[in-house]
Every structure is written in structure tokens, then in C-alpha cells.
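Work through these exercises with the model open beside you. Try each task before you read its solution.

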Amino acid sequence: QYPQHGQPPPQQEPPKPRIDINQMPMPGLVHARDQEIHSKQPYSTALRTGVPLVSTDFTAVDDGNSNPRFMRMTTYSVPHTEELLKASHIPLGMIVQPLADLAPSEEPVKLIDFGAEGPIRCLRCKTYINPHMVFINGGKHFVCNICRHENDVPDDYFCNLDMAGRRLDQDARPELRNGSVEFVATKDFVTHDPAPASFVFAVDVTWSAVQSGMVAQAAAAIKDALYSGPGLPPGARVAIITYDRSAHFYSLLPSLDQAQMMVVPDVNDIFVPINEGFAVDPDESRHVIEGLLDSLPAMFAQNRTAEPVLGAVVQAVHEALHRRGGKLLVFQTALPTFGPGALRQRDDPKLHNTEKERTLYEPQTAFYHEWAVKLVEEGISCSLYTFPSAYMDLATLSQLSTTTGGELYSYPGFSADRDGRRFAADLRSDVQRTYGSNAVLRIRASDGLRVDEHYGNLFMRNHVDVELAGVSSDSAVGALLHHDGKLDEKQDVYFQVALLYTTSDGQRRIRVHNLAVACTTLIGNMFRGAEMDTTMNLIAKMAVAEAHTTPLKAVREKLSDRCVQVLTAYRRNCASGSPPGQLILPESYKLQPLYTLSLLKSPAIRGGADVPIDQRIFHMCLLRQLSVRGSLNYFYPTITPLHALAEHEGEADPATGLVALPPPLRASYQMLDPAGACLLSGDGSLMLWLGRQVPAQFLQDALGVAALEHVDVTQHALPERDTALGRKIAAIAGQLVGARAGFANVQIVRQGIDQAEIQFATKLVEDRNSDNMTYVDYICAIHRQIQVEVRPKDGAEPKWSYN
């Protein structure tokens, strides 16, 4: 028998904190409560209240408002004036994920073809026809829900109204019934003939890339992404480039027995030496592509060149995909010190943790930004996979992904054994997910509101059009909203997100999401309608943007100040009659202190000279690009106990396929049982922590060893054990990393034995680490500051209350 949950460890208990840690708000409990609510029945978007949390597995029924998977508000009660917004200190905004994946149980977005004339739009503000527009005068006119302009209804779209003022054909028209629809774009929206997406894989084959095992791993991962599972989208084409001090292009024509290699040594005058056979159908040319990928490691095994010419590769792909668009996937191991866009080593440890550190966040040359903008013009996005063993200047190179709507991946000190499976899973997900190119996104809001700032991996030439060279199902754009007038509290507030893009199979589409939310004059309604996960995702994106112009110390202070201001506003306006010594947290924002502390401890924001600059830049880029769902585990890891599983835990639900998980533990070392074991998931990878007194029977059933000392910590995957416990742990691990990511690498950590326990401990955000307080100390500090704001002379310790 394994010890039960909660059994106290046989060791000296730590001093009792002033606050019982078990009283503190915890994400797992909040998420479990919301899951219970939405497991019983589908969520109708017409309700507009009680929106499921992003952590919840739910089924949404589109009844006129957009599915929350596509767009989420920081609060679903919009204040009617700027003054009310300022009084609450809640950031008013949204996170938009326009191509988000739907649940298998949900209806796909409807496609509508309005013919050559295109969809009906408001003449004044160009808002697309949607369920919130009101038809009047017997159906001859409609009133735009965004700008209130009265428009004529085209003759061929006319329909009579019923006694309630609804069109008689409303239920038969998806654009009048559903919050999210997709229109076939007219010729006006086609700048050049749309074509299926081309995926160009560019592999660094310099000495460091070969020696680290990256070249062999990249070849295997590309092959896996192309030919396992669903593969590339229909009609997509594939090209392969390798590069060191020169660029190597390959003809992949299906008529060839093997790929033909052509080398361009003059990288300062780069060109693509292949007309036919550069980008090919992956199935027609499968034998050529697989032969090339299989031979790549041996082909460059003796390569001693150490300088990868990244800039020339970018220029070549820009030429090759001219007027076609597509996606460039770069696999880079070192600082590009040769050819166009050559960079110098400029990292200076003396600048770390000083105000001058932010000079290292700025690009050292305009080259990569200028070429990224040129890629945007052609509808070419760039995903940058980096395998650094030394400084790579990600502040400069990351512009390729942040400007074009791509993503940045990083595998420091790459080891094929440790990181190979994670890299392969990332690449497979990247190329097999829903993808579009050459996109423009615009957010429209009711008169009285405007979008003040946009955040994400994007490019903007003006203040309203968000250009996305590439957009995937994971692409997320943040928008901060401001008042430019007074809203009518008797009317709903409306938002419309329109995304013009080319699908991966070459069709030009306009995806439209509509949302109606309540307008309020009461600050209490704002807090009741607020959503913490979306708020913190937006705040993190804002903090990263500020870090480029403001010292990190000031950014950290502002994050804590914002937390204090929001909770003070609630205390002052919604709970003013409470006892002075009581810390009152709004139900919707009770996790804000914990998430703020977690953000302060992240490598993107935290102080200390121990954070390598490239790692800081990587985490800044990560926060910039993460969706709300993606940021969940970033702010708080899931720690799943394995040593006392109930009968149903670790078993999949036959109806949903979801694996039942045991209740998660708090992210604090004092919650871990030395006689137990747990899985920590936080960034797509897993850590298996084994307590020093874990029973021998558990080790035998789970890992096939008799004692803790015999556990092989160099293995990076859980052993396949044909035992009841082994099967349950494998199922739990798969559920934690998500089916799309595949099975991630696992790092095994033994209590009191392995050096990796230090890394494990830094992920326990409730403890004192990363130059920051414990959760208990931080919440007390927040409370004291609130007391200063509300009642300066009161210094009582907090008691707990949630409203």
C-alpha cells in the first residue's frame, strides 16, 4: 500500500506561518469548481455570463455570441465611462485567438458565400452583418450594432419581419444566428492569386549543429512531421535548405531518384538556383524527401564550418516564395557571424541586473526587422527553432518570428536524448495545426470605445490593421481598450473581430467573431464579470512591452502596484463595511496576488544576474505569443500526486476520452510527501519527483526498479510498464502534456539526491525562490499596502474572506 494523500512527512515541521497555507486561494480548486459547473450541460453563448474558464473542458453552443475559445474579455461587464474604469484599476481588454481549435463536440464554423458582391456590411464603419444588427422598417433597413448607422438592405437580401421584429429567415442564415462565421472573400480582398502554403525547412549544418546532434534530430523530426499523423494540410508544398557559410538548395522533383544539391557560395548576392523542384508536393516526392533527410547527418558529418549564414537564407526564401506566401522554419544553433545580417558577440555580464541591461533587449542591427517586414509583405511567416550552447542574440534574431506572426522555440544546451522528443513534438504541432497566411486582423468596438494597443507577434503599419504573415490555431492577439466617449448603459457593448486570411489550401476567407457584453454603471458588476486568466495574460503582455523602455525593477514594482490598486478598489467600493483587519478578495480576482508573484518570479521579469539574456528574451517572447490557455501552466504549474491514486484516477472517460486526474497539490515544497511521488507539468515537459522514502513497491510498479538509488535519472521518458500503476501514470502524463504535443520528455528528480532538484524547486512558485517572497509573505505585504491605502493606521494581520 502507498501512503494516502496528506499524510504528514516524518520530519521536523517548519515553523507555522501566520496564515494557514491551506486557506490560501489555489488555482486547482478554482478550476475544479468551474469544471463541475460546466460538465453538466453545454454552455450557450447567448447567456453571456458565467463564461467557462479557459482551464475547463466544455462544449459551447454558438447562439449568437462568439465561442470563448475565439475571444475572451478581461471583464464581461464593461464600464460606461473612463472614470469608472480608472476607479476599478481593471485593465479593459481582450485576447483574440481567431483560428482556435474547437472541441470535437462543437459545431465547426459555418462557411458562407455571398457571391461577387460579398457579405453585407455597414456603409459607415464596414462592420460585417451579424446577429446583433437590428432590422427595421419592415426589413428594408438595418441598424449597425457598432456605430448605430441606419443602412439600406439590398433587394436580394430583403426578408419580411415577424411580430417581434425578427427576420423570418433568421434561423436559416448562419450570419444572423451564429456569433462566429466565415465568409468567402471577394476579388477585392485578393492582392495576388492565393496558393496553398509552402513550408520551407532551413537547417543549420555547421559544426556545432552536427556535434550537438541537432542535424540528425531535425532531419528525423521533419520526416516525422511530414509523414506521421495527418501530415501537412492538403495541397501544401515542401522545400528544404541547408546552410553553413554557403546556402545549399535541393531539387526535390518526383522524377528524380535522389535530391539534387545546388550550392550558392556567394551569400552576399544570394539567389535560388532552382526553378522547378524547389517546393514540391510532399507525397509525390516522398521517396526523394525521405532519402535526403536520411542522408543529411552523414552528408555533413565532417563539416568543420562554424558560421551559419542566416540572413542570406531569409533573403533566398523571400525570393523563392514571392507572391505565394508560406512558412519558413529555421533551425539555428549559433550566432550568425557571417554574410548578410552578420552579428557580433555583445553580451556583457556587467550589464546584467542593471538599468543598462535593457540595451541588450534592443536589436543590434535593423537587418532582421527590415527583412521580417519584407516577409510580411509576401505573407511569409517564420518559426525560429534555436539550440543555443552560447549567446545567440535572440533579441535581434527573434524579430523574424515576432514580426511575422511566427513563434520562437528554444532548447538550451540541446541534447538529443533529453530534448529530442520535445523538439519533434513541437515541430509536428507547428506544421500540422490549422494555419493561414497573408492575414489582416481588425477589431471593431461600439462607439465610445477604441483599441489603444495591440500585443502579440504581429506587424502594424497603422493603428487599426494587425498584419499577420502567418496565423495558426494557437496565434493570440491582445488588445487594450480605452474609452473615447461615454457608453449608453442601457445598451450592450459590441465587438467584432474580422480576420482576412488565406487558408493553407489556398482559399481567401474572412473569419468574423462577434461578441455582445453588458454595459454597467456599477464597479461591483465589473468585478463579478472579470476573468483572471485573461487579465493576467494581458498584463503579462503589457509588462513585456514596457520592459523594452522601462527598467525591470520599475516593471516589477508596477506589477505589484497594479495588484494592490485592483484589490484596494474592490475593498474601497465593494466591501467598505468589512472589519479593518480583514483581507477581502473578490471571487474573480482572488488568484491575482499568486499570479502576480508567479510573473515576478518568471525569467522574463525577475531580478538577479543569474538569468542569461537569451533566456530572458525567450521568456519575454513566450509571454508575448502565449494564448490564455497556453499561459495557464506558465503562471502556476500542475503538480499531480501519483502515490495514492483512487480507482478511477488515471482512467479515461469512455465518453470524453479525458483521463481523471487526482486533486493537484499546492506548488510548495512543504506540500510534498517524502513517502510519495508526483508529476510537475509547467511548460510542456514533465518532472517526476520521487520522495526519499517512496515505497519500493511503487518504484517497482512504476519504474521497474527496487530502490531509489537504482532509478536511471538519465532516461528522458517514462518506462512502459505493464502494471496497473504504470498504465495509469502513462495516461496521466499524456493528459498533462496534451494530446497535440505528444508525449513530452520527462526529467526524473530524486529528493535529496539529484542536482536537478534545484531546478524543480524554482518551479514551486509558492515558496521563497528566484529572489522573491513566499506566497504567504507576498499576500501579507499586499494586504499591508491595501491597509495603507484604505486605513493608514490599521496594521492588523489579515483574516480571509472571498466575495
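**Exercise 1. Classify Asp-754, then find its salt-bridge partner.**

Step 1. Asp-754 has a relative accessible area of 14%, so it is buried. The cut-off to apply is under 20%. Keep in mind that this is a predicted model.

Step 2. Look for the partner. The side chain of Asp-754 meets that of Arg-750 in a salt bridge, 2.8 Å from N to O.

Step 3. Classify the partner. Arg-750 has a relative accessible area of 10%, so it is buried.

Step 4. Recall the general idea. Side chains of opposite charge can pair when their charged atoms come close.

**Exercise 2. Take the salt bridge between Arg-173 and Glu-175. Decide for each residue: buried or partly exposed?**

Step 1. Start with the distance. The side chains of Arg-173 and Glu-175 meet at 3.3 Å, N to O.

Step 2. Check Arg-173. Its relative accessible area is 23%, so it is partly exposed.

Step 3. Check Glu-175. Its relative accessibility is 1%, so it is buried.

**Exercise 3. Locate Arg-666 and Glu-766 in the chain, and say what their salt bridge links.**

Step 1. Establish the contact. The closest N and O atoms of Arg-666 and Glu-766 are 3.1 Å apart.

Step 2. Place both residues. Arg-666 is in the loop between strand S25 (638-641) and strand S26 (677-681). Glu-766 is in the loop between H20 and helix H21 (775-790).

Step 3. Draw the conclusion. The two residues are 100 residues apart, and the pair links distant parts of the chain.

Step 4. Add the burial. Arg-666 is buried at 5% relative accessibility. Glu-766 is buried at 2%.

**Exercise 4. How many salt bridges are there, and which residues are linked in a network of them?**

Step 1. Give the count. There are 34 salt bridges.

Step 2. Name the network. Salt bridges link Lys-327, Glu-407, Asp-430, Arg-433 and Asp-474.

**Exercise 5. Describe the aromatic pair of Tyr-595 and Phe-635, and explain what it ties together.**

Step 1. Begin with the total. The structure holds 24 aromatic pairs.

Step 2. Describe this pair. The rings of Tyr-595 and Phe-635 are 5.6 Å apart, centre to centre, with 20 degrees between the planes. Stacked means under 30 degrees, and this pair is stacked.

Step 3. Place the rings. Tyr-595 lies in helix H15 (residues 592-601) and Phe-635 in helix H17 (residues 628-635), so the pair ties together parts that are 40 residues apart in sequence.

Step 4. Check burial. Tyr-595 is buried, with a relative accessible area of 1%. Phe-635 is buried too, at 2%.

**Exercise 6. Repeat the analysis for Trp-689 and Phe-760.**

Step 1. Take the geometry. The centres are 6.3 Å apart, the planes are at 15 degrees, and the pair is stacked.

Step 2. Find the elements. Trp-689 is in strand S27 (residues 686-690), and Phe-760 is in helix H20 (residues 757-762). They are 71 residues apart, and the pair links distant parts of the chain.

Step 3. Check burial. Trp-689 is buried at 1% relative accessible area. Phe-760 is buried at 0%.

**Exercise 7. Which charged ends sit over the rings of Phe-58 and Tyr-128?**

Step 1. Take Phe-58. The charged end of Arg-69 sits over its ring, 4.0 Å from the centre.

Step 2. Take Tyr-128. The charged end of Arg-121 sits over its ring, 4.1 Å from the centre.

Conventions. Residues numbered from 1 in each chain as written. Predicted model: local features only at pLDDT ≥ 70, side-chain atom pairs only at ≥ 80, totals over all residues. Heavy atoms only, no water. Phe/Tyr/Trp six-rings, centres within 6.5 Å; stacked < 30°, edge-to-face > 60°. Helix = DSSP H or I, 4+ residues; strand = E, 2+ residues; numbered from the N terminus. Buried < 20%, exposed > 50% of the residue type's maximum accessible area, 1.4 Å probe, protein only. Lys NZ or Arg CZ within 6 Å of the ring centre and 35° of its normal. Salt bridge = Lys/Arg side-chain N within 4 Å of Asp/Glu carboxyl O.
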